[in-house]
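The following exercises are to be worked through with the sequence and the coordinates at hand. Each task is followed by a stepwise solution.

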Amino acid sequence: MAEKKANRVYLASALGCRCPRCREGKLFKNSLTIRLKKNMEMNRECPVCGQPTEIEVGFYYGTSYVSYALTVAISVATLVAWWVIIGLGLNDNRFFAWLIFNSLFLLCLQPWLMRISRSLWISWFVSYDPEWETTEAPDVSERINPDQANNW
Ligand SMILES: [Zn+2]
């Protein structure tokens, strides 16, 4: 009997920007790049199972909250790491050094954060379908306004 391909777990799929329905297809057209417009180009539907990536108009509007939450979480993590490794003093500028470091770090992470936010977002609305190979992907195209896609 042929071994079925091991299914990606949720986190690997979400962090890898895979389609949440089949966990195989890629959500984005291009690999990660610092050219923001190119970076955010999504496949209209999953190239593997056909799951639409834009479920309704303005679907990704809420992702700014996700990236904000991620930004806060990362800032806390770098602050703790800075505190442990370098230390924070009241009488020197180590805290300000962290502020500068953290801003630059977040800036570098921005292209990745924007993608991860969308990937996490869609993964909360589209659930994994283990039978995706035999079931039809939902068709939501009539609710989409293609002119407005990618405006968010
Ligand atoms: Zn898919």
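**Exercises on a predicted model**

C46 has a relative accessibility of 4%, and therefore counts as buried. The model is a predicted one.

**Exercise 1.** Determine which residues coordinate the zinc ion and which geometry the site has.

*Solution.*
Step 1. The ligands of the zinc ion are the SG atoms of C19, C22, C46 and C49, at 2.2 to 2.3 Å.
Step 2. The angles among the 4 donor atoms are 107 to 112°. Four donors count as tetrahedral if all angles lie between 85 and 135 degrees, and the site of the zinc ion is tetrahedral.
Step 3. For comparison, the ideal angle for four tetrahedral donors is 109.5 degrees.

**Exercise 2.** State how the donor residues are spaced in sequence, and which parts of the chain C22 and C46 tie together.

*Solution.*
Step 1. The spacing of the donor residues reads C-x2-C-x23-C-x2-C.
Step 2. C22 belongs to the loop between α1 (10-15) and α2 (36-39), while C46 belongs to the loop between α2 and α3 (63-85); the pair therefore ties together parts that are 24 residues apart in sequence.
Step 3. Buried means under 20% relative accessible area. C22, at 2% relative accessibility, counts as buried.

**Exercise 3.** Describe the surroundings of K38: is this residue buried or partly exposed?

*Solution.*
Step 1. K38 is located in helix α2.
Step 2. With a relative accessible area of 34%, K38 is partly exposed.
Step 3. Leaving aside residues up to four places away in sequence, K38 touches N30 and T33.
Step 4. F28 and K38 are 10 residues apart along the chain, and their C-alpha atoms are separated by 9.3 Å.

Note on methods. Residues numbered from 1 in each chain as written. Predicted model: local features only at pLDDT ≥ 70, side-chain atom pairs only at ≥ 80, totals over all residues. Heavy atoms only, no water. Donors = N, O, S within 2.8 Å, 3.2 Å for Na, K, Ca; no water. Tetrahedral: all angles 85-135°; square planar, octahedral: opposite > 155°, others 65-115°. Helix = DSSP H or I, 4+ residues; strand = E, 2+ residues; numbered from the N terminus. Buried < 20%, exposed > 50% of the residue type's maximum accessible area, 1.4 Å probe, protein only. Contact = heavy atoms within 4.5 Å.
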